[in-house]
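Got the viewer open? Keep the selection box handy, and we'll go from stop to stop.

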Amino acid sequence: MQKGLSTDWLFDVDDDKRVTAIYKGGTDKFNMIGISHFLQADMEKVLNKLEEVYNLPSWKDAFWDMVVNELLAEIDVGILELTSEDVIEIDSVEELQAIDASYK
């Protein structure tokens, strides 16, 4: 759970930790980080939808997360909750070098 305001991709979840909405920006929400894993049948639905909307002008600046959000009633998406100690965000080569000297 991201405490406070975040401008990143976020989730709403139900009591079973199933994702009910994906959107950008909010307060005290689950923050999207890490790797996404999908069942093959669910990923096929995502891929089909991506192919459907890829060339539409209204989706020109869209992210794949928006496609998943539109399919939440048809696919099963859950979360694995992590703490801030589980993740290190690296946004530059300098930040990577600071935690791993082999990249210097």
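A salt bridge here is a side-chain nitrogen of Lys or Arg within 4 Å of a carboxyl oxygen of Asp or Glu. Before you click, note that this is a predicted model, where local features need pLDDT of at least 70, side-chain atom pairs count only at pLDDT 80 or more, and totals for chains, interfaces and linings use all residues. Residues are numbered from 1 along each chain as its sequence is written, and side-chain values use heavy atoms, with hydrogens and water left out.

**Stop one: salt bridges**

Select Glu 81 and Lys 17, whose side chains meet in a salt bridge (2.7 Å, N to O). This pair links distant parts of the chain: Glu 81 sits in the loop between H2 and H3, Lys 17 in the loop between E1 and E2, and they are 64 residues apart. Helices (H or I, at least four residues) and strands (E, at least two) are DSSP runs, numbered from the N terminus. Glu 81 is partly exposed at 42% relative accessibility, and so is Lys 17 at 32%. For those labels, buried means under 20% relative accessible area, exposed over 50%, and partly exposed in between (1.4 Å probe, protein chains only).

The structure holds six salt bridges. For another one, pick Lys 29 and Asp 12, at 3.0 Å, N to O. Lys 29 is in strand E2 and Asp 12 in strand E1, 17 residues apart.

**Stop two: helix H1**

Now go to Lys 49, in helix H1. Is Lys 49 buried or exposed? It counts as buried, at 17% relative accessibility. Its side chain meets that of Glu 52 in a salt bridge (3.3 Å, N to O). The two both lie in helix H1, three residues apart, about one turn of the helix. Glu 52 is exposed, with a relative accessible area of 52%. Add Glu 70 to your selection: salt bridges that share partners join Lys 49, Glu 52 and Glu 70 into one network. Leaving aside neighbours within four places in sequence, Lys 49 is in contact (heavy atoms within 4.5 Å) with Val 67, Glu 70 and Leu 71.

**Stop three: the core**

Which residues touch the most other members of the largest nonpolar core? Select Ile 22 and Val 68: they do, out of 14 residues. E1 (2–13), E2 (19–31), H1 (40–53) and H2 each supply at least two residues of this core, with the largest share, three residues, coming from E2. Such a core is a set of buried Ala, Val, Leu, Ile, Met, Phe, Trp, Tyr and Cys residues joined through side-chain atoms within 4.5 Å. Show what surrounds Val 68: beyond its neighbours within four places in sequence, it is in contact with Ile 22, Phe 38, Val 46, Ile 75 and Val 77. In soluble globular proteins, nonpolar side chains tend to be buried together.

**Stop four: the loop between H2 and H3**

Next, select Leu 80, found in the loop between helix H2 (64–70) and helix H3 (93–99). Leu 80 is exposed, with a relative accessible area of 72%.

Asp 86 is found in that loop between H2 and H3 too. A polar atom of the Asp 86 side chain lies 2.7 Å from the backbone nitrogen of Thr 83. To finish, draw a distance line from Asp 86 to Glu 44: their C-alpha atoms are separated by 30 Å, with these positions 42 residues apart along the chain.

Key:
Polar contact = N/O pair within 3.5 Å; in protein donor to acceptor, adjacent residues only side chain to side chain.
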